Amino acid sequence: MKTIGIPEDLHKELIKLKLDGNDKNVADTIRKIIYAYKQNKFMEFGMLFRQKLKESGKNFDDFLKESRKVREEIADEWF
């Protein structure tokens with residue numbers, strides 16, 4: 001276990017979130033915050049990916065076909 005120093009206002013906010021979420025402890029609350037952050041980053045990447053596909057005029061099937069071709073080329077080169 002590690003101890004970290006945080007400002008008092010952030011501590012109060014974490015305690016409020018802990019109580020609102022019915023968490024056993026603040027560590028569980030922080031785990032939820034980290035999970036939500038990672039989930040949000042994943043969704044952002046997904047939106048960016050779809051946008052780039054749309055800009056390139058391709059659909060997901062085209063992307064899969066191209067990626068399969070690249071993987072085959074790499075496998076032929078390496079093996």
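# Questions on a Predicted Model

Me: What relative accessibility does Glu13 have, on which it counts as partly exposed?

Reply: Glu13 counts as partly exposed because its value falls between the two limits (buried is under 20% relative accessible area and exposed over 50%, with a 1.4 Å probe and protein chains only). This is a predicted model, in which local features need pLDDT of at least 70 and side-chain atom pairs count only at pLDDT 80 or more, whereas totals for chains, interfaces and linings use all residues. Residues are numbered from 1 along each chain as its sequence is written, and side-chain values use heavy atoms, with hydrogens and water left out. The relative accessibility of Glu13 is 41%.

Me: In which helix is Glu13 placed?

Reply: The protein has three helices and zero strands, where helices (H or I, at least four residues) and strands (E, at least two) are DSSP runs numbered from the N terminus. The elements run α-α-α from the N terminus on. Glu13 and Thr29 are 16 residues apart in sequence, and their C-alpha atoms are 11 Å apart. The helix that holds Glu13 is H1.

Me: How far apart are the end C-alpha atoms of helix H1?

Reply: Helix H1 covers residues 8–20, which is 13 residues. The expected span of a helix is 1.5 Å times one less than its number of residues, so H1 should span 18 Å. The distance in the model agrees with this expectation, since the end C-alpha atoms are apart by 18 Å.

Me: Which residue follows H1 with a positive phi?

Reply: Most residues other than glycine have a negative phi. The residue in question has a positive phi of about 55° although it is not a glycine. It is placed in the loop between H1 and H2, and its relative accessibility of 69% makes it count as exposed. The residue is Asn22.

Me: How far is Gly21 from Asp62 in space, C-alpha to C-alpha?

Reply: Gly21 lies in the loop between H1 and H2. At 30% relative accessibility, Gly21 counts as partly exposed. Gly21 and Asp62 are 41 residues apart in sequence, and the distance between their C-alpha atoms is 43 Å.

Me: At what angle do the ring planes of Phe49 and Phe60 stand?

Reply: A search of the whole structure finds four aromatic pairs (rings of Phe, Tyr and Trp, taken by its six-membered ring, with centres within 6.5 Å; planes under 30 degrees apart are stacked, over 60 edge-to-face and the rest tilted). The ring centres of Phe49 and Phe60 are 6.3 Å apart. The pair is edge-to-face because its planes stand at 80°.

Me: How many residues apart in sequence are the parts that Phe49 and Phe60 tie together?

Reply: Phe49 lies in helix H2 (residues 26–56), while Phe60 lies in helix H3 (residues 60–78). Phe49 is partly exposed at 24% relative accessible area, and Phe60 is also partly exposed, at 46%. The pair therefore ties together parts whose separation in sequence, in residues, is 11.

Me: Which residue forms one aromatic cluster with Phe45, Phe49 and Phe60?

Reply: The residue in question is found in helix H3. It is partly exposed, with a relative accessible area of 33%. It is 13 residues from Arg50 in sequence, and the C-alpha atoms of the two are 11 Å apart. The remaining member of the cluster is Phe63.

Me: How far apart in space are Tyr35 and Ile74, C-alpha to C-alpha?

Reply: Tyr35 is placed in helix H2 and counts as exposed at 56% relative accessibility. Tyr35 and Ile74 are 39 residues apart in sequence. Their C-alpha atoms are separated by 34 Å.

Me: What radius of gyration does the protein have?

Reply: The radius of gyration is taken over C-alpha atoms, and the globule rule is 2.2 Å times the number of residues to the power 0.38. A compact globule of 79 residues would have a value near 12 Å. The C-alpha atoms fill a box of roughly 55 × 35 × 20 Å along the principal axes. The radius of gyration of the protein is 22 Å.

Me: What share of the 79 residues is buried?

Reply: The protein exposes about 7600 Å² (Shrake-Rupley method, 1.4 Å probe; for residues, only the protein chains shown count as cover). Carbon and sulfur atoms supply 60% of this area. Of the 79 residues, the buried share is 9%.
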